[in-house]
Amino acid sequence: MTARPTPMTQVTFEALDIDALAAATGRVAVVLEADGKLDTAGRRINKLTKGALARLVESQAFTDLKQGGLTTLAVPAGMAAEAVDVVCLSRRPSVADARKAGAALAKVRGRADMLVCAASMRHAAELGFGLAMRDYSFNAHKSDAKPAEGAVRVMCAKPDEVQTTAAPLMAVAEGAFFTRDLVNEPANVLTTTEFADRLMAMEEIGLTVEILDEDQLASLGMGSILCVGQGSDSPSKVVVMQWNGGTKGDAPLALVGKGVVFDTGGISLKPAAGMEDMTMDMGGAGVVAGVMRALALRKAKANVVGLVGLVENMPSGNAVRPGDVVTSMKGDTIEVINTDAEGRLVLCDVMWYAQERFKPTGMIDLATLTGAIIIGLGHENAGVFSNDDTLCNAFLKAAQSENEGAWRMPLGQAYDDQLKSRIADMKNVGGRPAGSITAAQFLKRFVKDETPWIHLDIAGVASVTSETALAPKGATGWGVAALNRLVSDMCEGK
């Protein structure tokens with residue numbers, strides 16, 4: 001069963017035409033400053049509604065609005081529209097407020113057409129981006145789901161320029177939708193093979209994609225990733241996605257994602273309560289896939305390679321046991337103390353392979369790696385670990401610009417010492433204290449000295465139980481925008 005991707009709302013930009021307002025169907029939205037002063041579109045709507053808009057903006061409902069908030073005039077007389085939505089936003093809003101306004105419009109749009117009068121406000125493209133990002137609902141497996149309907153038109157100054165500005169933003173939104181679909185999928189649909197097939201399909205947008213099967217992984221000596229998947233009927237795979245939009249021959253930036261399509265914990269079985277959420281344990285691979293899609297769609301002038309390790313962690317007669325010792329591609333031996341600490345076993349081989357083959361300028365891995373990071377940072381920030389201040393600070397700046405929470409955590413020898421094993425080169429866990437840090441220390445052992453590296457623990461932000469600024473509850477697509485901006489800032493010089 002292969003589900004169709006969630007379609008993204010098409011947002012177009014055009015010049016203001018106040019003569020079109022009376023006959024516009026669906027919903028009409030007008031953006032007004034906090035003082036309620038009516039602009040050209042507002043005055044026409046007020047005339048059509050015989051003063052109803054002016055009365056609304058003089059009401060407490062409008063006065064109480066914060067930047068980006070909205071209130072609604074339902075069933076306005078004198079107009080064909082079913083509602084007029086009034087957005088409170090300054091003419092020169094911040095990017096975050098413009099996106100917030102777009103998200104507010106998406107939440108009331110439903111399946112109706114929408115005509116937004118944004119006058120000469122700055123960041124009209126960001127308003128459109130916020131609307132597109134928030135207008136998401138995962139209905140792939142609902143039998144009564146209705147096809148997406150309705151289009152959004154934004155009337156604004158210099159629409160051609162705004163459309164050009166919006167194009168790469170919409171590529172990011174499409175990448176985030178791709179990530180959300182992957183993370184929201186149930187594990188009986190998104191098997192390792194189905195996941196790999198969806199990534200292979202991205203060759204149609206210009207990516208070069210390879211799938212390494214178990215025999216190839218074995219010949220490469222990837223005993224660590226293979227031990228995780230050996231208890232499952234779904235074959236383990238590594239998928240390599242290359243986007244070569246930069247200078248030919250230049251080394252790429254490498255993105256590496258953990259893709260455990262379902263995590264029972266293996267022989268170290270998880271408790272039954274909440275195990276259904278372990279469908280999202282492939283979130284790191286999902287973000288890598290979404291970033292690669294966004295880069296290809298906007299034809300980024302950069303060389304970037306995305307690698308994901310796809311496995312399923314199941315208990316069986318062939319599953320890896322606590323106490324087993326496996327040998328990684330690097331050659332280091334690992335004593336598996338806890339089979340539920342499997343993500344690091346997946347990543348370490350893929351990270352080593354990425355460095356051996358591509359000699360990247362930097363490497364960033366993403367994983368829903370530890371529950372400990374949620375205890376420390378909740379669902380507001382991903383944990384950031386790094387061996388390189390320059391790369392780390394560039395990422396933190398990119399994440400802040402995209403309003404995606406990220407907080408740097410420490411590394412240190414004392415944490416690394418917790419990984420010492422009596423019978424192997426290391427253990428795969430370091431005990432309960434500082435669990436997210438010792439997990440990062442484990443990964444650091446597979447980072448070459450010359451490789452700038454960031455580890456992102458996204459366990460708290462990949463999928464959440466309440467809506468975020470630009471996403472409904474469920475998969476967020478966290479990281480697609482931040483990593484896309486990092487590539488733009490660092491590799492394209494924008």
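This section describes helix packing, one buried asparagine and three lysines with positive phi in a predicted model.

Two packed helices are described by the angle between their axes and the distance between the axes. For helix 5 (residues 124-134) and helix 6 (residues 159-184), the axes come within 9 Å and cross at roughly 20°. Angles under 35 degrees count as roughly parallel, so helix 5 is roughly parallel to helix 6. The crossing of helix 5 past helix 6 is right-handed. On the helix 5 side, the contact is made by Ala124, Ala125, Glu126, Gly128, Phe129, Ala132 and Met133. Their partners in helix 6 are Val162, Thr165, Ala166, Leu169, Met170, Val172, Ala173, Ala176, Phe177 and Arg180. Sorted by class, the residues of this contact between helix 5 and helix 6 comprise 13 nonpolar, two polar and two charged.

Helix 6 also packs against helix 16 (residues 480-491), and here too the axes come within 9 Å. The crossing angle of helix 6 and helix 16 is roughly 135°. An angle of this size lies in neither the roughly parallel, the roughly antiparallel nor the roughly perpendicular range, so helix 6 is oblique to helix 16. Helix 6 passes helix 16 with a right-handed crossing. Val172, Gly175, Ala176 and Thr179 of helix 6 are in contact with Val480, Ala481 and Asn484 of helix 16. Four nonpolar and three polar residues form this contact of helix 6 with helix 16, and no charged residue takes part. Val172 and Ala176 are named in the contact with helix 5 and also in the contact with helix 16.

Asparagine 484, one of the helix 16 residues that meet helix 6, has a relative accessible area of 9%. Buried means under 20% relative accessible area, and asparagine 484 is therefore buried. With residues up to four places away in sequence left out, asparagine 484 touches Val172, Val291, Leu295 and Arg298. Of these, Val172 is in helix 6, while Val291 and Leu295 fall within helix 10 (residues 283-297).

Helix 10 has 15 residues and spans 21 Å from its first C-alpha to its last, close to the 21 Å expected at 1.5 Å a residue. Helix 10 is mostly covered, with 14 of its 15 residues buried. A similar description applies to helix 11 (343-358). Helix 11 contains 16 residues and reaches 22 Å between its first and last C-alpha, close to the expected 22 Å. Helix 11 is likewise mostly covered, and 14 of its 16 residues are buried.

Most residues other than glycine have a negative phi. Three lysines are described here with a positive value. Lysine 299, just after helix 10, has a positive phi of about 50°. Just after helix 11, lysine 359 takes a positive phi of about 45°. Lysine 359 belongs to the loop between helix 11 and strand 13 (362-367). The relative accessibility of lysine 359 is 61%, so this residue counts as exposed. For lysine 50, phi is near 55°, again a positive value in a residue other than glycine. Lysine 50 is located in the loop between helix 1 (40-48) and helix 2 (52-57). Lysine 50 counts as exposed because its relative accessibility is 70%, and exposed means over 50%.

Conventions: Residues numbered from 1 in each chain as written. Predicted model: local features only at pLDDT ≥ 70, side-chain atom pairs only at ≥ 80, totals over all residues. Heavy atoms only, no water. Axes fitted to C-alpha atoms, helices over the stretch in contact; angles between N-to-C directions. Helix = DSSP H or I, 4+ residues; strand = E, 2+ residues; numbered from the N terminus. Parallel < 35°, antiparallel > 145°, perpendicular 65-115°, else oblique. Left-handed = near helix turned anticlockwise from the far one by under 90°. Contact = heavy atoms within 4.5 Å. Nonpolar A, V, L, I, M, F, W, Y, C, P; charged D, E, K, R; others polar. Buried < 20%, exposed > 50% of the residue type's maximum accessible area, 1.4 Å probe, protein only. Expected span 1.5 Å × (residues − 1).
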